[in-house]
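Colleague: I am new to this one and would like to go through its empty spaces and its ligand. Could we take them in turn?

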Amino acid sequence: MDFNLSDEQILFRDTIRGFVDSEIRPVARDWEQSGRYPTEIVESLRRMGLFGMTVPAEYGGMDVDFVSLAIVFEEISRAWMGIAGILGSHSLSCLMIARHGTDEQKARYLPELATGTRRTGIALTEPDAGTDLQGIKTRARLDGEDYVVNGAKIWITNARHANPLPVLVKTDPEADPPHRGMSVLLIEQGTPGFVVSRDMGKLGYKGTESCEISLEDVRVPRGELLGEEPGHGLQQVLEALELGRINIAARGVGVAQEAYDQSLAYSRQREAFGRPISGFQAIQLKLADMATSVQAARLLTYWAASRADLGQRTDLEAGMAKLFASETALSNSIEAMRIHGGAGYSTELDIERLYRDSPLMVIGEGTNEVQRIVIARALLSGRGSIG
Ligand SMILES: Cc1cc2nc3c(=O)[nH]c(=O)nc-3n(C[C@H](O)[C@H](O)[C@H](O)COP(=O)(O)OP(=O)(O)OC[C@H]3O[C@@H](n4cnc5c(N)ncnc54)[C@H](O)[C@@H]3O)c2cc1C
């Protein structure tokens, strides 16, 4: 087994790290706290071609391998996890359109999605259904050559910028099992009845918007149904979410690494009882646990990503990586706060942001309770490559 990144991946990581250190890190604290939208950073992401990471080269994308994708999310999240949200659901939906879209849909959307001229996201969650996606209430009824959509979505990242926004709907509410009646519609901004009604107040994950959307008699041309025929929406979405978990795992690694890095530096410089606090065994034990966990999370994440690069199913691997890395981000950020003492609680340092950003990764892209169930199912079915 080779645990090393290739020369190209190292070069790619160094390029991303240089960009993050020069353009994201210096503004992160101020912009996050003021709630300012990071327009200039989005422009740089465009310039670097990062909106095209999961778009095939024939449509102008970078089509990077999944390990490189993980590196991007890890590096950005070291400085400001909210920025990773701008690329996260965009990349997931580009992949979904590339894999399942008709030739016409791919030709219409992918070239502009690759350059970031168009951006996207994904609208699954509703006020009454998140984990239980088969319980969604948004309906799309065929009327002539249009679907007429009614319903509501909540917590939708990039909602104001996504054009088109893939929206999970029920095209046949009577289908049994329900997933056979579910489809994805690509809805363009400005379509009458499609309203981004409000921004959700939230603990962290700032920099990108998370919105509620109402859909009232929205007419969507039949040709905007993702793929050739209705009834495959849940499958399309779940497959994309499997890869989305690699992105969440990588964000967890980034946040956990930053919490460790800042703790190590602070422990060397902060003195108590006449010596650096790094001299106390109580602090050393924390540093050892934090470093061990973050490296384990990174290896799990790159392992899951390299499985995806082989074109293998990754429900088990991505589930394990997402579960472990997000829990590591949470535990490392609280340990970082303990090591920093009162300073860790201050808005003048970054630790409180790491602490506020971490829980989202435990909840998003499938909660960690559900991740454990996904992992157990894969193990019990005999699928999975452990041991
Ligand atoms: C900042 C933010 C951004 C988001 N961005 C997006 C987005 O862009 N697009 C989008 O579609 N959604 C988005 N979400 C929604 C997110 O994906 C959901 O919050 C998540 O899937 C959980 O759904 P829920 O909130 O309805 O919780 P629920 O499904 O109500 O779950 C509540 C609790 O019950 C547990 N639970 C539920 N079912 C089971 C089960 N079968 N077994 C065991 N435990 C169970 C859960 O683990 C959880 O602990 C975002 C959320 C946040 C907070």
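Colleague: How do the residues of the lining of the largest cavity divide into nonpolar, polar and charged?

Modeller: Keep in mind that this is a predicted model. The lining of the largest cavity includes Phe66, Leu69 and Leu92, and also Thr54, Ser91 and Asn247. Leucine and phenylalanine count as nonpolar, while glycine is put with the polar residues. The division is six nonpolar, five polar and no charged.

Colleague: Which elements give two or more residues to the lining of the largest cavity?

Modeller: The structure holds one cavity of 30 Å³ or more, and about 70 Å³ of space lies in the largest cavity. Among its lining residues are Phe66, Leu69, Gly88, Leu95, Ala240 and Gly244. The elements that give two or more are helix H3 (66-79), helix H4 (81-100) and helix H6 (233-269).

Colleague: Which element supplies the largest share of the lining of the largest pocket?

Modeller: About 1,500 Å³ of space lies in the largest pocket, and 47 residues line it, with Leu241, Ile363, Gly364, Glu365 and Gly366 closest to its centre. By class, the lining has 20 nonpolar, 14 polar and 13 charged residues. H4, strand S2 (146-157), H6, helix H9 (351-363) and helix H10 (368-380) each supply at least two residues. The largest share, nine residues, comes from H6.

Colleague: Which helix gives the most to the lining of the second largest pocket?

Modeller: About 420 Å³ of space lies in the second largest pocket. Its lining has 14 residues, and Asp2, Phe3, Tyr302, Trp303 and Ser306 lie nearest its centre. Those 14 divide into nine nonpolar, three polar and two charged. The helix that gives the most, with six residues, is H7 (residues 281-309).

Colleague: Which residue has a side-chain N or O atom 2.9 Å from an oxygen atom of the ligand?

Modeller: There are 16 residues around the ligand, and Leu124, Thr125, Thr131, Trp155 and Thr367 come nearest. For Leu124, a backbone N or O atom lies 2.8 Å from a ligand oxygen atom. For Trp155, a backbone N or O atom lies 2.7 Å from a nitrogen atom of the ligand. The side-chain contact at 2.9 Å belongs to Glu369.

Colleague: Is Thr191 buried or exposed?

Modeller: Thr191 sits in the loop between strand S4 (182-187) and strand S5 (194-199). Leaving out residues up to four places away in sequence, Thr191 touches Val218 and Arg219. Its relative accessibility is 17%, and the cut-off is under 20%. Thr191 therefore counts as buried.

Technical notes
Residues are numbered from 1 along each chain as its sequence is written. This is a predicted model: local features need pLDDT of at least 70, side-chain atom pairs count only at pLDDT 80 or more; totals for chains, interfaces and linings use all residues. Side-chain values use heavy atoms; hydrogens and water are left out. On a 1 Å grid over the protein atoms alone, a cavity is a set of points where a 1.4 Å probe fits but cannot get out, and a pocket is an open set with protein on both sides within 12 Å along at least five of seven lines; lining residues have an atom within 4 Å of a point. Grid points are joined across faces, edges and corners, and a volume is the space filled by probe spheres set on the points. Helices (H or I, at least four residues) and strands (E, at least two) are DSSP runs, numbered from the N terminus. Buried means under 20% relative accessible area, exposed over 50%, partly exposed in between (1.4 Å probe, protein chains only). Contact means heavy atoms within 4.5 Å. A residue is near a molecule or strand if one of its heavy atoms lies within 4 Å of it. A polar contact is a pair of N or O atoms within 3.5 Å; within protein, one must be able to donate a hydrogen and the other to accept it, and residues adjacent in sequence count only if both atoms are side-chain atoms.
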